[in-house]
Amino acid sequence: MKIVISGFYGLGNTGDEAILESMIDNLRDELEDVEITVFSLSPEKTASDHQVKSIYRGWRHQFFDKVKALKEADLLLSGGGGLLQDTYPTKIIFGPLPYYLLIVFLAKLCGTKVMFFSQGIGPVSTKYAKFLMVLFANLADVITVRDQFSKDLLQKLKVTKPKTIVTADIVFAYKKKEDTRCLDSLPLKGTEKLVAISVRPWFEYTDHYKQLAKIADDLIVQAGVTPVFVPMEGHHDFTASEKVLEQMAHRDQCLILGPNFTPSQYLAFIGQCQLTIGLRLHALIFAAITGVPHIGISYDKKVESLLKRSGMWSYSSTLEDVNCQKLTENAIYLLQNQEKYHLMINKNVASLREAALENIKILKTYFL
C-alpha cells in the first residue's frame with residue numbers, strides 16, 4: 001500500500017515530529033509492504049530519520065513531484081495534529097488551513113482517497129476559512145479527530161459528508177525508544193525533585209511568562225523542586241523559557257534543556273520528572289503517557305480536551321485565568337500524592353491508547 005502523509009513536518013516542532021513517528025511506526029506494524037512518502041519542510045532529514053521517501057511540502061518547489069506521489073498513492077493521510085485552523089494568518093493559498101485543504105483537493109484530482117487522520121480541528125473563524133472547509137473538507141473519504149470538540153466543530157462548519165469518528169491523538173500509541181540523552185545533558189546529582197516546565201510564545205500575550213516565573217519560584221521555596229524547562233519547539237520555546245527565567249528570583253536553581261532533542265529523548269526526560277507544568281499539548285501528552293501528574297495552562301481547546309481526558313483538568317487553568325497561588329497549591333498537592341495520580345493517569349491513558357490505535361483500525365477497515 002502506498003501512503004502519502006501531509007502535515008506540519010520538518011519544522012522542528014517536537015509534538016508534530018512525535019505524531020509523524022507514531023504514525024509511521026504503527027502503519028509499519030499493521031500494514032504489509034507499506035510505502036510511505038512524507039511532505040516535509042526538511043525532506044532530507046525526514047527521509048533519513050524515518051527511512052521514508054520525502055518531498056518538499058511547500059508550493060514553490062517539487063510541485064510535480066507532489067502530484068506524481070499523490071497519483072501513485074493509494075491513500076493520502078492528512079494529519080495528525082491541528083492542521084485545519086486559522087489562528088495563524090490565512091491568505092488565499094497561504095496559511096495552514098488553505099495549504100492542507102489544497103493538498104486534499106490535489107489528491108482528489110489525482111484520484112487518490114483521503115483520510116483526515118487523528119486531527120484536531122479549529123479554531124476556524126473567518127468566512128473564507130469556513131468556505132474552504134465546506135468546499136474541500138467534505139471531499140475526504142473518512143475523518144478521525146482526536147477529541148469531541150473537533151467533531152462538534154466540523155458539524156457546525158457543515159463538514160458532514162465524510163463519516164467522522166472521535167479517536168485520540170496518535171501519540172498515545174507512541175512506541176517508546178529508551179534514550180536518556182536529555183537527562184544525561186544536565187548537571188544533576190540524582191537526588192533532585194524534577195519538575196518539567198513547558199512554555200511557548202503565544203502571539204502578543206506575555207502574562208504567562210511572569211506567572212510561570214512566580215509559580216516556579218514558589219515551588220522552589222515551598223517544595224524544594226528543581227524546575228527544568230523543556231523547549232518543545234526549538235528556539236521559539238527556548239527563548240520563551242528564557243523570558244520566564246529572566247523574571248525569577250531563584251533562576252540559579254533552574255535548568256533548561258537544549259532545543260534539538262528528539263521526541264523520544266524529551267519523552268524519556270519528562271518520564272523522569274515528578275510533575276509537568278505547561279502549555280505545549282505534547283509536553284502534557286508525554287507526561288500523561290509516562291504517568292506523570294501534569295498541570296496544563298490551556299491556550300486552546302485541544303489542551304483543555306486532553307486534560308479532561310487525562311483526568312487533570314481540575315488542577316489546571318485556562319491561559320486567561322491563571323491564579324498563581326492556586327496552581328502552586330495544586331502542584332504541591334500533586335507532588336505529595338504522586339502515586340495516587342500516577343495510577344489514575346495510567347488508567348485513563350490506557351483507554352486513550354486504545355482510542356489512538358483505532359485510527360489504524362479505521363484506516364484498514366475503509367481502505368484495505
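Start by selecting Gly80, which sits in strand β4 (residues 75–81). You are looking at a predicted model, so treat this as a walk through a prediction. Now add Gly79 to your selection: the peptide bond from Gly79 to Gly80 is cis, with omega near -5°. Most peptide bonds are trans.

Next, select Gly122 and Pro123. The bond joining Gly122 to Pro123 is also a cis peptide bond, with omega near 0°. You will find Pro123 in the loop between β5 (113–119) and α5 (127–136).

**Two backbone angles**

Most residues other than glycine have a negative phi. With that in mind, move to Asp33, in the loop between α1 and β2 (35–40). Its phi is positive, near 55°. Is Asp33 buried or exposed? Asp33 has a relative accessible area of 68%, so it counts as exposed.

Then pick Gln62, in the loop between β3 (53–56) and α3 (63–72). Phi of Gln62 is positive, near 55°. Gln62 counts as partly exposed, because its relative accessibility is 33%.

**An open sheet**

Switch to a cartoon view and find the six strands that run in the order β10-β9-β8-β11-β12-β13, an open sheet with parallel pairing. Its edge strands are β10 (255–256) and β13 (317–318), each pairing on one side only. Now select β8 (residues 193–198) and β11 (residues 275–278), which pair in the parallel sense over four bridges. Which residue of β11 stands opposite Val195? Click on Leu275 to see this partner.

**The largest pocket**

Select Phe8, Gln85, Tyr88, Pro96 and Tyr100: of the 46 residues lining the largest pocket, these are the closest to its centre. The space here is about 1,100 Å³. Colour the lining by class and you should get 22 nonpolar, 13 polar and eleven charged residues. Where does the largest pocket lie? Domain 1 (2–166) and domain 2 (180–350) both contribute to its lining, so the pocket lies between them.

**The second largest pocket**

For the last stop, select Glu17, Lys45, Asp49, Thr262 and Pro263, the closest to the centre among the 32 residues that line the second largest pocket. Its volume is about 650 Å³. Which helix gives the most to this lining? Highlight α1, which supplies six residues. Helices α2 (43–50), α9 (234–246) and α10 (263–270) each add at least two. By class, the lining holds seven nonpolar, 15 polar and ten charged residues. The second largest pocket also has lining residues from domain 1 and domain 2, so it lies between them.

Technical notes: Residues numbered from 1 in each chain as written. Predicted model: local features only at pLDDT ≥ 70, side-chain atom pairs only at ≥ 80, totals over all residues. Heavy atoms only, no water. Pairing = 2+ DSSP bridges. 1 Å grid on protein atoms, 1.4 Å probe; cavity = no way out; pocket = protein on both sides within 12 Å on 5 of 7 lines; lining within 4 Å. Points joined across faces, edges and corners; volume = space filled by probe spheres on them. Nonpolar A, V, L, I, M, F, W, Y, C, P; charged D, E, K, R; others polar. Domains from an automatic or database assignment. Buried < 20%, exposed > 50% of the residue type's maximum accessible area, 1.4 Å probe, protein only.
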